[in-house]
Number of protein chains: 2
Amino acid sequence: MENKIILSVDKSMRLIEILLEARRSLTLKEIAEKSGCPKSTVYGLLFTMLQHDVIRQDPDGRYGLGIRLYECGAAVSESWDISARIHPSLEKLAQQTGAGAFATYFDGRNVISFDRCIGSGGLQVIPEVGMRMSLHATAQGKLFLSMLPRSKVLSVLREDGMTQFTPHTITDPESLLSELDSIRVQGYAIEHGEFRRGLMGAAAPIREHDGKIKYALGIVGLFRSVASADFQQAVELMVSAARDLS
Amino acid sequence: MENKIILSVDKSMRLIEILLEARRSLTLKEIAEKSGCPKSTVYGLLFTMLQHDVIRQDPDGRYGLGIRLYECGAAVSESWDISARIHPSLEKLAQQTGAGAFATYFDGRNVISFDRCIGSGGLQVIPEVGMRMSLHATAQGKLFLSMLPRSKVLSVLREDGMTQFTPHTITDPESLLSELDSIRVQGYAIEHGEFRRGLMGAAAPIREHDGKIKYALGIVGLFRSVASADFQQAVELMVSAARDLS
DNA sequence: TTTCTTTGTTCGATAATATCGAATTATATT
DNA sequence: AATATAATTCGATATTATCGAACAAAGAAA
C-alpha cells in the first residue's frame, strides 16, 4: 500500500489550511474551489468540524477558523519548550544589536514567526507573532529555501509566485537559486531591502540534535548598509547565538 | 438521514480534544484508550494529521498538538484587535482591585478567556488564556447565558450538563434561569463560590457599537464575602470599566 | 546476553460510509 | 416578481476506513 492517509481527514486538514492562508472567512463556494472538491463534500467536512468548534460559521454564512483552534494554539505555545529555550537569546540579541530579533519556524512550505523581541533602535519593523513570511524576499525565507532541493524550490516558487515588493526583490528564479547556493555555503542568509525598502535583516538556522533544521533566528532593522560595521557585527552575534542554540 | 457527520473526521477532532484536555503529549495507547478506538484506527488518524503538522510526534514517540494549531490560534486571535483595546483596562482593574482581571469571549456556545492580568493579592486563581469556562458555575458563563433566549439556555445546559463543582453550584435549571433574570436586570453577574470554594468573581458585558455582546470583563479573587466593601467596590470599578469599553 | 513484556506500526479482507452530481431550498440581485 | 447565485440535502455507488491480528521495535527483567 502506498497510502496510509485517511482521505477525508486529509481533506479536512487541507480546508483548515485554506482558511488559514486566506486569513479571513470564506464562503463555501470559495473553499470548494480552492480545495478542488465538490461543494457537498466540503460541506460535510466543514459541518463535522463545526460541531467541534474547530470551524466557526459567521452570521453571514461564511466559514472561518473556530475558537477551538485558539484554545489549541494557546496550549501548544505553553507546551513549547523551544520558545522558552530561544527567548533569552532573542532578548540578548535585541539588546546587543539594537535591532529587532525574532524566531521563525518552517514547516516545509511556510515560514512563520513565533517569537520576537523589539530592539532598542527607534523605528522598528518586526514581524508579528504568527505571521507568515515571504519565501523569496526575506532572509528567513531564503534561508529555508536554501535547504530544499532545486525542484522543490521551483515548485514552491511557482505556487507562491515571486511578488516584487521593492526594486531589489529578486523575481527571477535562476538568480534566486544561485543566491541560495551561496547561502548554503556561508550558512546564513541576508536580506537587503528586498521586502521593504531600506529594511535589512539576516537569518541563521538552529539545528536540532538530529541535524534537521526547523527553526531560525533572525534580526531585522534599518541599518545603514549591509556593509556597515553595525550590521556585520549584528550578523556575527546572530550566527553565534544560533550556533549556541543548535 | 440523521447523520451528516463524517466519522473519521469526527474521530480526528475528538483526538485533538483529547490531546488538548490532557495538556501534554500522550502515547498512542493512551489516546486509543481515551477515545475508545482501536490502536490501528487512531494510528491512521494521527498519521494523517501528522502530515499536516496538526499533530506532532515527540522524539520519544508520544503524540501532541502540532505547530499548525499554533499558527491557526495566532490567526484567530489576530482577527481580534479587541485584545489590544481591552488590555489597559485589565491592568488598571487588577491594580485597583487587587483581584485578578480577565477578559472572555463568547461564541454562542463557549466562553473562552483570551487575556488576563494578575492582581496584587497573594493567592491568585485566574483562568488561563485559552481556557474554556463553565457556563452555569461562573460569573462569565451566567452573564452570557443571560443574553440567550430561555430555550437556548436549556438546550445548552442539557448538552453541557450542570456539574456540581462545589456545594454552592447551581444544579437546577429553574434556579439558574431565575438568576439569569436578575442578571439581565442588574447588568452584571456575580459568582460566589460556585466554581471553586471561596472563590468570588463578577462579570460585566462589553457592548459593541451595534449593541451586540461578545466580550466581557471579569474579576476573580478570594474576597471575604460578596457583601464586603472590597468586593462591592471592585464590582463597581469593573462595571464602569466595561461601560467605558462599550 | 537472552527472554519476556509492552508499545508502535503494518497488513488485508470486509463492511461501512464518504463521495459526487443532481435536486432542493435559501438568499441575494435585478 | 423574476432571476441568479449560493447553501444545503439526498441517495446510489464505489471507495476506503475499519478492525483484529500479525509483526516489529523498544524496554525491562533476569
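Me: Which element gives the largest share of the surface near DNA strand C?
Reply: In this predicted model, helix H1 (7–22) and helix H3 (39–51) of chain A, together with helix H1 (7–22), helix H2 (28–35) and helix H3 (39–51) of chain B, each supply at least two residues of that surface. The largest share is 3 residues, and the element that supplies them is H3(B).

Me: What percentage of the atoms of DNA strand C that come within 4 Å of the protein is sugar and phosphate?
Reply: Around DNA strand C there are 18 residues, and those that come nearest are A:Ser40, A:Thr41, B:Leu7, B:Tyr43 and B:Tyr63. Of the strand's atoms within 4 Å of the protein, the part that sugar and phosphate account for is 71%.

Me: Which residue has a polar side-chain atom 3.0 Å from a base nitrogen of DNA strand C?
Reply: Two contacts go to phosphate oxygens of DNA strand C: an N or O atom in the side chain of A:Thr41 is at 2.5 Å, and a polar backbone atom of B:Leu7 is at 3.2 Å. The contact to a base nitrogen, at 3.0 Å, is made by a polar side-chain atom of B:Lys39.

Me: How many charged residues does the surface near DNA strand C have?
Reply: Sorted by class, that surface has 7 nonpolar residues and 7 polar ones. The charged residues number 4.

Me: Which element gives the most to the surface near DNA strand D?
Reply: DNA strand D is surrounded by 18 residues, with A:Leu7, A:Lys39, A:Tyr43, A:Tyr63 and B:Thr41 the closest. By class, the residues of the surface near DNA strand D divide into 7 nonpolar, 7 polar and 4 charged. The element that gives the most, with 3 residues, is H3(A).

Me: Which residue has a side-chain N or O atom 2.8 Å from a phosphate oxygen of DNA strand D?
Reply: Polar backbone atoms also approach phosphate oxygens of this strand, that of A:Ile5 at 3.5 Å and that of A:Leu7 at 3.0 Å. The side-chain contact at 2.8 Å belongs to A:Tyr43.

Me: In E8(A), which residue is the bridge partner of A:Ala103?
Reply: Chain A has an open sheet of 6 strands in the order E5-E4-E3-E8-E7-E6, with antiparallel pairing. Its edge strands are strand E5 (132–133) and strand E6 (189–192), each pairing on one side only. Strand E3 (residues 100–106) and strand E8 (residues 213–221) of chain A run antiparallel and are joined by 6 bridges. In E8(A), the partner of A:Ala103 is A:Leu217.

Me: In E5(B), which residue is the bridge partner of B:Ile112?
Reply: The open sheet of chain B has 6 strands in the order E5-E4-E3-E8-E7-E6, paired antiparallel. Strand E5 (132–133) and strand E6 (189–192) of chain B stand at the edges with a single partner strand each, so one side of each has no neighbour in the sheet. Strand E4 (residues 111–117) of chain B runs antiparallel to E5(B), and 2 bridges join them. In E5(B), B:Ile112 has as its partner B:Arg132.

Me: How far apart are the end C-alpha atoms of helix H9 (residues 229–245) of chain B?
Reply: The helix has 17 residues, and at 1.5 Å a residue it should span 24 Å. The distance in the model agrees with that expectation: 24 Å.

Me: What arc do the buried residues of H9(B) cover around the axis?
Reply: The buried residues are B:Phe231, B:Ala234, B:Val235, B:Met238, B:Val239, B:Ala241, B:Ala242 and B:Leu245. They lie on the same side of H9(B), because the arc they cover around the axis is only 165 degrees.

Me: Which exposed residues does the face of H9(B) turned away from its buried side carry?
Reply: Exposed here means over 50% relative accessible area. The residues on that face are B:Ala229, B:Gln233, B:Glu236, B:Arg243 and B:Asp244.

Terms used. Residues are numbered from 1 along each chain as its sequence is written. Chains are lettered from A and ligands numbered from 1 in the order in which they are written. This is a predicted model: local features need pLDDT of at least 70, side-chain atom pairs count only at pLDDT 80 or more; totals for chains, interfaces and linings use all residues. Side-chain values use heavy atoms; hydrogens and water are left out. A residue is near a molecule or strand if one of its heavy atoms lies within 4 Å of it. A polar contact is a pair of N or O atoms within 3.5 Å; within protein, one must be able to donate a hydrogen and the other to accept it, and residues adjacent in sequence count only if both atoms are side-chain atoms. Helices (H or I, at least four residues) and strands (E, at least two) are DSSP runs, numbered from the N terminus. Ala, Val, Leu, Ile, Met, Phe, Trp, Tyr, Cys and Pro count as nonpolar, Asp, Glu, Lys and Arg as charged, and the others, Gly among them, as polar. Two strands pair if DSSP finds at least two bridges between them. The expected span of a helix is 1.5 Å times one less than its number of residues. Buried means under 20% relative accessible area, exposed over 50%, partly exposed in between (1.4 Å probe, protein chains only). The arc is that of the directions from the helix axis to the C-beta atoms.
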